[in-house]
Amino acid sequence: EQRKQLDPWKVGDFAWVIPLPKQKRKESTKYLGPVRVIRVVSPSVVEIQHLIRENCEKYPVSRLKKVVGDMTEEQALELAARDEEEYVVEGILEFKVDEEGDPAFKVKWVGWPLEDATWEYPSTLKDLEAFEIYLEANPDARPLVQKFLKERK
């Protein structure tokens with residue numbers, strides 16, 4: 001109780017979520033997140049924003065642990081991505097057509113090193129913005145990818 005008064009929650013603070021038993025995804029996971037505090041509702045409740053899903057919810061501070069030290073937005077996003085069951089596309093690195101004529105994209109995932117990039121088929125990817133960014137940087141690939149983009153929209 002004394003700690004709450006000395007170190008109150010502020011908008012912009014990053015916090016770790018202490019998961020309920022049903023929320024634990026891995027045996028070794030002690031905390032989930034981080035998440036961002038976007039509103040202080042009361043001394044015992046804050047509104048948090050999940051950095052990947054971007055949804056917001058009110059949360060008791062008793063189930064949160066403040067991030068100690070400085071954490072950049074980029075660091076927080078990378079850490080939060082590791083707790084998500086759905087991976088987040090950081091960028092498209094390469095494009096190829098496989099043996100059956102289907103397009104495939106080499107994907108760099110948020111929070112994962114470059115060596116963990118994987119080849120993915122368009123049906124597994126939801127991030128159309130990543131394709132547009134790739135095509136801006138690689139205009140020669142546009143004719144090959146254009147058909148795929150039209151089918152997805």
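Select lysine 108 and show its surroundings: leaving aside residues up to four places away in sequence, lysine 108 touches Val88, Val89, Glu90, Gly91, Leu93, Pro113, Leu114 and Ala117. Keep in mind throughout that the model is predicted. Lysine 108 belongs to strand 7, which covers residues 103-109. Its relative accessibility is 13%, so lysine 108 counts as buried, the limit being under 20%.

Next, colour the sheet that contains strand 7. This is an open sheet of three strands, in the order 6-7-8, with antiparallel pairing. The edges are strand 6 (89-97) and strand 8 (118-120); each has a single partner strand, so one side of each has no neighbour in the sheet. On average, neighbouring strands here are turned by 35 degrees against each other, direction ignored. To see the pairing of strand 7 with strand 8, look for three bridges in the antiparallel sense. Valine 107 is a good place to click, with threonine 118 as its bridge partner in strand 8. Then add helix 3 (residues 128-137), which packs on this sheet and touches strand 6 and strand 7. The direction of helix 3 makes about 65 degrees with that of strand 6.

Move to the sheet with five strands. It is also open, has the order 4-3-2-1-5, and pairs in the antiparallel sense. Strand 4 (56-60) and strand 5 (64-66) are its edge strands, each pairing on one side only. Neighbouring strands are turned by 45 degrees against each other on average, direction ignored. Within this sheet, select strand 1 (residues 14-17) and strand 2 (residues 32-42), which are antiparallel and joined by three bridges. Valine 17 has leucine 32 of strand 2 as its bridge partner. Helix 2 (residues 73-83) packs on the sheet, in contact with strand 1 and strand 2, and its direction makes about 115 degrees with that of strand 2.

Now show charged side chains. The structure holds five salt bridges. Where does arginine 36 find its partner? Its side chain meets that of glutamate 73 in a salt bridge (2.2 Å, N to O). Arginine 36 is in strand 2 and glutamate 73 in helix 2, so this pair ties together parts 37 residues apart in sequence. Arginine 36 is buried at 17% relative accessibility, while glutamate 73 is partly exposed at 44%.

Finish with Lys10, Asp13 and Lys66, which are linked in a network of salt bridges. Lysine 10 meets aspartate 13 at 4.0 Å, N to O. For lysine 66 and aspartate 13, the closest N and O atoms are 3.3 Å apart. Lysine 66 lies in strand 5 and aspartate 13 in the loop between helix 1 (2-6) and strand 1, so their salt bridge ties together parts 53 residues apart in sequence.

Definitions and conventions. Residues numbered from 1 in each chain as written. Predicted model: local features only at pLDDT ≥ 70, side-chain atom pairs only at ≥ 80, totals over all residues. Heavy atoms only, no water. Helix = DSSP H or I, 4+ residues; strand = E, 2+ residues; numbered from the N terminus. Buried < 20%, exposed > 50% of the residue type's maximum accessible area, 1.4 Å probe, protein only. Contact = heavy atoms within 4.5 Å. Pairing = 2+ DSSP bridges. Axes fitted to C-alpha atoms, helices over the stretch in contact; angles between N-to-C directions.
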